[in-house]
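Morning, everyone. I will take the sheets first and the helix packing after that, and I will keep to what the model shows.

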There are 2 protein chains.
Amino acid sequence: MAAAERNIDRMARLVAGTEVRLRPHYKAHKCPELMRRQLAAPGTAGAACQTVAEAAELAALGCADVLLTNQLADPRRVAELLALPPEVDLGVLVDRPEQVDLLGAGAAAARRRVRVFVELDVGLRRGGFDAADPDVAVAVGAIEEQPWLELAGVQAYEGHAVLEPDVELRHRRAADAHALAGRFRDRLARLAGRPLVLTGGGTGTADLIAATGALDEIQCGSYVLMDAAYGRLGLPFEAALFCVATALSAHPDGRVVLDAGMKSLSGDGLPRALTPGVRVLGLSDEHTRARQAATVLRTGDRLLLQPWHVDPTMNLHDAVVVVEDGRTHTAPIRGRHAVRAG
Amino acid sequence: MAAAERNIDRMARLVAGTEVRLRPHYKAHKCPELMRRQLAAPGTAGAACQTVAEAAELAALGCADVLLTNQLADPRRVAELLALPPEVDLGVLVDRPEQVDLLGAGAAAARRRVRVFVELDVGLRRGGFDAADPDVAVAVGAIEEQPWLELAGVQAYEGHAVLEPDVELRHRRAADAHALAGRFRDRLARLAGRPLVLTGGGTGTADLIAATGALDEIQCGSYVLMDAAYGRLGLPFEAALFCVATALSAHPDGRVVLDAGMKSLSGDGLPRALTPGVRVLGLSDEHTRARQAATVLRTGDRLLLQPWHVDPTMNLHDAVVVVEDGRTHTAPIRGRHAVRAG
């Protein structure tokens, strides 16, 4: 936890003295104990989450400003979200006019104000309007017509940039995305006749955003625990999440089989072994295959693995073991059993 | 469930009239309701599992013959396994002499007979002795010296062959592995002075093993639910596991964002959309990115996705919804919260 606390402190110092606010993302770890500490950091505007179940966990934490950085396309999910305690100020994304109608109907039925953020695709090619899509104006008009919806801002996540290891390329891609997003936000603000918030960003682009102020908020997630993917970037955050694995067999030909696989660690990349001289070669359902040149590990030895990707690793576990002040305790992971937003 | 039942029946017919026995693998789905039906199929010798927690679930199902197709390198795990009800006949793998000592000590302490299977690496390069490793004889000698251990057979899993889409190459690789394994089994049987079981195989090589009788048992797992990876092989088993996803947004440029990602579907390959005209492009934590040429899906529409890989998909969920005789019920997934063998 000391490493996570240092990461929280480093991120807070990054935006100190700027207008940029932090919006830590609960989806990264789904661990309330950790999020409580992130929310207490100076410069924090509120929290982000990716599912209604995560929003409920944030509400239970007492978070007053929750942005669901996802679309809703099922009236049941809308109703679930709007049934959260009324003191929570809710924000939701839209990138199709139909979603506005659905959200507006739900908000009217619940008689609850909902802040709406229009998502722009800035290069990730996942969610978000194309800037040139004529339905942007249709959606904005639809939001303005819905009495319980309030056009509050623009979501622009430069997910195609955040993990680029080359810092120059990463910053160039992000700056292009931020410029596109800024123009889009200004256009919507003119349509709405009032200022709008521009939110997005991530761990890999936080330094740039803090320096330029191109976005109003940083939706930072991975910085607090870090992972092997972000570890390649040379960011000022340290590894704080590990998986303890046991060498089931260490063979004379250098093969080492570890007892943690894709059911314990995210399967979209290889974990990193913290033991020098041990190189990870592959991941199967219940095993990590590694190789050692000299005998560093013997059968039965334990070692630490750093997951490739923090979010889908945390999602595999019911709890994390927290090491703090020389003691350990168990911190639950909550909100993972309903991972769908639709 | 009808599709799963047909798959169970097809696998049983594959080995009918042969000496080959089935040993369905619980690790594939961890669903007791499904395993109960697999165990009831003709020609079934017992079950396989990959963790002690899975072995406990099999014991709870009343399975009398449980093979843990994994090594144990932690005395606590050995003690947990040997604390299972005494009517369960337990088998465990070894591929290092140290594991024999650990298992022998545990078996002596528990005063319980344990069948030991020596694992041979036949090309997967994960676990298993190299055939030429001089420690093979050391391990066999150590097993024979342990009063509560019984050398029962050889484990040889041709995991490098089972998913090869080219049937000729798949069968050639598997046949080479089976030949190597057969010679190794014969060598160990001579050392032991009695016949030994040769166990291994999988869904992709079951047809070959049934035809040649090269192995005594088939550790088949994926056949019962199937997945997109095995779906490429043209095997006589049908898809029986799907994930219902919602289109969060369907864009005019053909982009479709679905609300199921790596936290709902295994992240080691792309799921397949069952809706014609919809092609899956990518998977992120909570989303599947897809593309459609014409408007097949609209925002809010549902569709079925077939996971790439059944085992690490089932592991993400607490239960499956079973469709049977026009009705649905929920079947728990059990034993997944302790995924480690070490």
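Start in chain B, with strand β9, residues 243–250, and strand β14, residues 302–306: the two pair in the antiparallel sense over four bridges. To find the register on screen, go to A245(B), which stands opposite L303(B) in β14(B). Before going further, I should say that this is a predicted model.

Now zoom out to the sheet around that pair. β14 and β9 are neighbours in an open sheet of six strands, and the order in chain B runs β11-β14-β9-β10-β13-β12, with antiparallel pairing. Which strands are at the edges? They are β11, at 272–273, and β12, at 278–283, each of which pairs on one side only.

Chain B has another open sheet, with eight strands, and there the pairing is parallel. Reading across, the order is β1-β8-β7-β6-β5-β4-β3-β2. The edge positions go to β1 (21–22) and β2 (47–49) of chain B; each has a single partner strand, so one side of each has no neighbour in the sheet. Inside that order, take β6, residues 149–156, and β7, residues 197–200, of chain B: they are joined in the parallel sense by four bridges. For the register here, use Q155(B), whose bridge partner in β7(B) is T199(B).

Next, chain A and the helices. I will go through three packed pairs in sequence order.

The opening pair is α4, residues 75–82, with α5, residues 97–110, both in chain A. Their axes are 9 Å apart and the packing angle is about 40°. An angle from 35 to 65 degrees falls in the oblique class, and α4(A) and α5(A) are therefore oblique to each other. The crossing of α4(A) past α5(A) is right-handed. On the α4(A) side the contact uses P75(A), V78(A) and L82(A); on the α5(A) side it uses L102(A), L103(A), G106(A), A107(A) and A110(A). By class, that contact between α4(A) and α5(A) comes to seven nonpolar residues, one polar and no charged.

The next pair shares α5(A), now with α6, residues 135–145 of chain A: the axes come within 8 Å and cross at roughly 10°. Oblique or roughly parallel? At that angle α5(A) is roughly parallel to α6(A). From α5(A) the contact takes P97(A), V100(A) and D101(A), and from α6(A) it takes D135(A), V138(A), A139(A), A142(A) and I143(A). The split for α5(A) with α6(A) is six nonpolar, no polar and two charged residues.

The last pair keeps α6(A) and adds α7, residues 167–192 of chain A. Here the axes are 11 Å apart, at an angle of about 45°, which makes α6(A) oblique to α7(A). α6(A) crosses α7(A) in the right-handed sense. What meets what in this contact? V136(A), V140(A) and E144(A) of α6(A) meet F184(A), R187(A), L188(A), L191(A) and A192(A) of α7(A). Sorted by class, the contact of α6(A) with α7(A) holds six nonpolar, no polar and two charged residues.

One annotation to finish. An unreviewed UniProt entry places the feature "domain: D-serine dehydratase-like" at residues 240–324 of chain A. Over residues 240–324 of chain A, the model has 6% helix and 42% strand. The C-alpha atoms at the two ends of residues 240–324 are 12 Å apart.

Note on methods:
Residues numbered from 1 in each chain as written. Chains lettered and ligands numbered in written order. Predicted model: local features only at pLDDT ≥ 70, side-chain atom pairs only at ≥ 80, totals over all residues. Heavy atoms only, no water. Pairing = 2+ DSSP bridges. Axes fitted to C-alpha atoms, helices over the stretch in contact; angles between N-to-C directions. Parallel < 35°, antiparallel > 145°, perpendicular 65-115°, else oblique. Left-handed = near helix turned anticlockwise from the far one by under 90°. Contact = heavy atoms within 4.5 Å. Nonpolar A, V, L, I, M, F, W, Y, C, P; charged D, E, K, R; others polar. UniProt positions renumbered as here; feature names shortened; annotations may be inferred.
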